[in-house]
Amino acid sequence: MRVIKTSLAILPIFALLLIPIAAADNRFAITLALIFIIYLTVALSWNIIGGMAGQLNLGHAAFFGMGAYSMAVSTILGFHPYLGVLLGGLVALGLSIAMIPLLRLRGDYFAIGTLSLAEAIKTAILNIHAYGIRVTPDPSLGLFENYYFAASILVATIFVTYLILNSRYKLAFYSIRENEKLAEANGINPTKYKVMALMLSASITGLVGGIYGYNLLYVPAEHVFSIEWTIIPVFMVLIGGRGTLLGPLIGSLIYLAVYYTLQFTITETSLLAFGIILVLVMKFMPNGLVEEVLIKRLGVKRTSIV
Amino acid sequence: MLAGIEVIYIIQLFLGAILLGGLYALVAVGLALIFGVMRILNIAHGDFIILSAYITFWLSQIYKLDPLLTIILTIPIASLVGFVTYLSVIRGLTKSFEAPIVSSFGLLLILQASMLIAWSGDPRSIVTPFTAESLVLGPYLLPLVRLIAFIVSVAALTLLHYFLNKTYLGRAIKAVSQDSEAASTLGIPVSRIQALTFALSVGMAGLAGGLLSLLLSFTPTLGPEYLLKALVILALSGIGNILALLIGGLVLSIGETYGSFFLGSGYRNVVAYIILILILLLKPAGLFRSLKEREV
Amino acid sequence: MLKIENLTVEYRRDIEILKNISLFVPENKVTAVIGPNGAGKSTLVKTIAGLIRPKRGSITLDGVRIDGMSAEERVKHGIGVVLQRRSVFPQMTVKENLMLGGWIIKGDKKALEETLEFVLELFPDLKQRLALKAGSLSGGLQRVLEIARAMMSRPKLLLLDEPSAGLSPMMVKHVYRLIDNLKKNNTTIFLVDQNIRQCVDAADYVYVLELGEIKCGGRKEEISESLFNLIKEWLYLERS
């Protein structure tokens, strides 16, 4: 059983790595897969702060945007693009450190605070660069290379998630999520763990923001700071089941299904669909598909993967 | 001479801001009602306002009625929408973790997307014979639409205040917001009161949206901006006191007006964001003083 | 008046707070339930009031099964309850609190006025304080207000969850005197308290609840022996 589960988890990763080779000249397919990888990574990173630690960060897009933005600026300054991506991760990390005071807020207020902060940052940057900035590209780094860079970030993120869920951090995070005061009374320092979760999720998101921006060769503020980089990952995590590894994965597949049905465009119709699905899930399956369907109905046992 | 002109302009801005502040308070009161009674932050609040603006717009387009009349008609329509929303989405939500806030987020998406699909992203506004008219008060101009918005808002707030404090039902609403368990032990039907409050809140949003349609041009994505205004006012004024909300509305409006005057109109909303974040940080225990936390 | 049969109440799946309880509350008498901390006394009161749903068992009031009803419905059937915690509406005045207590008779202005007068006679402390904000009253007076408010619906059965909690000894005596008054006015009283002496003194019937089970119960006089032994156990932690 263990072997089956582990291979079930590894197979998709293999598939992901093989796509560019299988798709050969079909740039559209590869780009699509790349975007999917990026969404999934952002979802998994949001999962750490929002799913495991239970802090509803609705300003997550800010990390993504700052990552993309910093990457673009650094390429203009002459840095190697992939170094720029790493810088993007660092800048996002810095932003998360600046956001630490907000972690004092509980529940809804943290959500509003982060949402407002992200919107404020977006507005400020829009005032500086209304139309976005151009990336200075390196001709040797194209779609293929970007794809594998992103894929490696994804694999690393999956690995990190797996590690967390198999360590004492899992219990620490969960207990903070369920009842912070009680966790504190039991000797867990909530601030320490919340900061860790936020910093980790920010850096990962900053990284993928960077690679996304580079692939686009152009970083428009309205787009990279757009709330969709928060909504879609949150959607993926909550539909699938927060705080687990399988949850965001399943959520991302469902997202992909909706996306495919709506012909690969984010339009108003897809937003409508997401809204309806969110409402329905919250009403009938508030703990996500993994928990409600897999565990309760099908009796699959909880493990470190599920 | 130059200083004289500037002073007049500054006072003119002030007057305009005051008039707008009344409407802002109306925008906030709906959110305050829901939060007070159900402890739910309805993120879709701004979108209900915009939806109401569209309702007013289409009613006046199709039936060619006087805009003020259509605004009055919008209120019961909006209340009905609120009632239906409560029954289908809000009722029976697990208060556990953030199900309510995520659901209202889903509502936000549903509302915005529906409006975009139905009516496209083109800006709309209602133009009336008196849209460009102003009341002249010495050297100052009071735009009629803003004046109307102010008067209607203050009237509505006063009525609401009267309802909540002097009628049995209103007091029951207050009771549920202060202690819903105790209220249920007195026979007060908590769930029905919550439904009523939600409908009332969206009704208020309906009125606000209707007035808004007279004042500016709106698009389906304008909702969150008004949610933000409501949040800032709630953070400033708390939820218990309608007069405090009115003052908060004035403060925000004045802050925005002078903020955009000195910093440029692009930063108009940033002022609100910054106020909000500052308040959140300075009062980390939570936004609302009047609430007692019942946790653990 | 009130019959509880085989009542089992769970907390969060599989943890039984009340295990198969049965007891009987006779009309116009004071029935007390005593027991150590954590025995489930508050849970019992809340379950009768309708704030908690039982897993199994039945609660019957004057022949009508109420265990399926919501808390609000039970008020209409004659249940009144005073919670253990502070439950006045702090921002409203004493009078407003009382009027809200009369919610189920709000349609009848005359009945409402009469009931208010009647309640103020029973609880004269409140007469002079009608315009004060309930949150500004002392703990003891808030408790009095809570009881008065519960009486506004003219309940057949009044449930009291630790009425003496947090009150000064003089206030405790005062509250119990009020409770006695209520009994004289044809209200059936069901109370739980940790203050054993006052509680047992005031009671006609006593039940002992320990770890979710009824250890003994009946007329005070008849069970006084076993009652005394149990109390000794709690106080000295000796097992006989």
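Val206 of chain C stands opposite Gly218(C), a residue of strand E10(C), and this pairing of positions is a convenient place to enter the structure, which is a predicted model. The two strands concerned are E9 of chain C, covering residues 205-210, and E10 of chain C, covering residues 213-219, and they pair in the antiparallel sense over six bridges. Between the strands of this hairpin there are two residues, and within the hairpin Leu211(C) takes a positive phi near 50°.

From the hairpin one may turn to a helix of the same chain, H3(C), which spans residues 94-101. Seven of its eight residues are buried, and H3(C) is therefore largely enclosed by the rest of the structure. The buried residues are Val94(C), Glu96(C), Asn97(C), Leu98(C), Met99(C), Leu100(C) and Gly101(C). Their packing partners come from two chains: within chain C they are helix H4 (109-122) and helix H5 (139-151), while chain B contributes helix H6 (168-178).

That packing against chain B leads to the contact between chains C and B, which takes 21 residues from chain C and 17 residues from chain B. On the side of chain C that touches chain B, helix H2 (71-76) and H3 each supply at least two residues, and the largest share, four residues, comes from H2(C). Sorted by character, the residues on this side of chain C divide into twelve nonpolar, four polar and five charged.

The other contact made by chain B is with chain A, where 35 residues of chain A are in contact with 38 residues of chain B. Three helices of chain A, namely H5 (107-128), H8 (180-185) and H13 (268-284), each supply at least two residues of the side that touches chain B. Among the contributors to that side, H5(A) gives the most, with 13 residues. The residues of this side of chain A divide into 19 nonpolar, nine polar and seven charged.

Taken at the level of whole chains, two pairs are in contact, and of these it is chains A and B that share the most contacts. Chain A and chain C, by contrast, are joined by no contact, and their closest C-alpha atoms lie 14 Å apart. For a reader moving through the model, then, the route from the hairpin of E9(C) and E10(C) passes by way of the buried helix residues of H3(C) and their packing against H6 of chain B, and ends at the side of chain A to which H5(A) gives 13 residues.

Conventions. Residues numbered from 1 in each chain as written. Chains lettered and ligands numbered in written order. Predicted model: local features only at pLDDT ≥ 70, side-chain atom pairs only at ≥ 80, totals over all residues. Contact = placed C-beta atoms within 7 Å. Nonpolar A, V, L, I, M, F, W, Y, C, P; charged D, E, K, R; others polar. Pairing = 2+ DSSP bridges. Buried ≥ 20, exposed ≤ 12 C-beta atoms within 10 Å, placed from the backbone.
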